[in-house]
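Open the model in your viewer and keep the sequence panel visible. The stops below can be selected one after another.

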Amino acid sequence: MKIASYLRVVRASAWYDLVVTAGFATPWTYALVHDALSSLGRAWGLGVLPGLDPVQTLYANLMGSVVVVWAVLRLVRPLALHGLLDGAARILFTTWQAYALVQGAPRFLWLFLGVEAVFAVLQLVPWVSVGNRSRMR
């Protein structure tokens, strides 16, 4: 994969993160996202989120804030290294989402897990071959 194509993937993953997680960044927007996800989960028969509480909201806001800042960095200054690190983070996110699903989380989480896994593969595979690795740096 050419570096220009790779950086387009890095930017695309950043746009996805910004759109999907911006609503998690504040208590007020998270309450709206929480209600929307629960309504969709209920309508599609995929489960609902547990009721809002201050600790859940805090963790959602922390995650949302960090991911928004990380997304903006990748949009403003996309680097191949950012793609590698984002791919690694997506492996972690995918792992914890799978763990949550096994523990009974709403099944709509599969949609997010799928996107995380795809972006992880797209951002990590180019680093696998030695020839690509040297071009990526």
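The tour goes from a buried serine to a surface patch, then to a chain end and a set of salt bridges.

This is a predicted model, in which local features need pLDDT of at least 70 and side-chain atom pairs count only at pLDDT 80 or more, while totals for chains, interfaces and linings use all residues. Residues are numbered from 1 along each chain as its sequence is written, and side-chain values use heavy atoms, with hydrogens and water left out.

**Stop 1: Ser 38**

Select Ser 38, in helix α2 (residues 27-44). Helices here are DSSP runs of H or I with at least four residues, numbered from the N terminus. Is Ser 38 buried or exposed? Ser 38 is buried, at 6% relative accessible area; buried means under 20%, exposed over 50%, and partly exposed in between, with a 1.4 Å probe and protein chains only. Now show Gly 47, Val 48 and Leu 49, which Ser 38 contacts when neighbours within four places in sequence are left aside. Contact means heavy atoms within 4.5 Å. A polar atom of the Ser 38 side chain lies 3.1 Å from the backbone nitrogen of Leu 49.

**Stop 2: Tyr 59**

Move to Tyr 59 in helix α3 (residues 54-76). Tyr 59 counts as exposed, with 56% relative accessibility.

**Stop 3: Leu 122**

Next select Leu 122, in helix α5 (residues 109-124). Leu 122 counts as partly exposed, at 36% relative accessibility. Add Tyr 6 and Val 9, its contacts once neighbours within four places in sequence are left aside. Then pick Met 1: its C-alpha atom is 10.0 Å from that of Leu 122, although the two are 121 residues apart along the chain.

**Stop 4: the salt bridges**

The structure holds five salt bridges, each a side-chain nitrogen of Lys or Arg within 4 Å of a carboxyl oxygen of Asp or Glu. Select Arg 74 and Asp 86, whose side chains meet in one of them at 3.2 Å, N to O. Arg 74 lies in helix α3 and Asp 86 in helix α4 (residues 80-102), so this pair ties together parts twelve residues apart in sequence.

Asp 86 also forms a salt bridge with Arg 90, with the closest N and O atoms 2.7 Å apart. Add Glu 116, whose side chain meets that of Arg 90 in a salt bridge at 2.9 Å, N to O. Because Glu 116 lies in helix α5 and Arg 90 in helix α4, the pair ties together parts that are 26 residues apart in sequence. Both Glu 116 and Arg 90 are buried.

Finally, add Asp 17 to see the network of salt bridges that links Asp 17, Arg 74, Asp 86, Arg 90 and Glu 116.

Definitions and conventions: Helix = DSSP H or I, 4+ residues; strand = E, 2+ residues; numbered from the N terminus. Polar contact = N/O pair within 3.5 Å; in protein donor to acceptor, adjacent residues only side chain to side chain. Patch = residues over 30% accessible without salt bridge, like charges linked within 9 Å, V, L, I, M, F, W, Y side chains within 5 Å. Areas by Shrake-Rupley, 256 points an atom, 1.4 Å probe, with all protein chains shown as cover.
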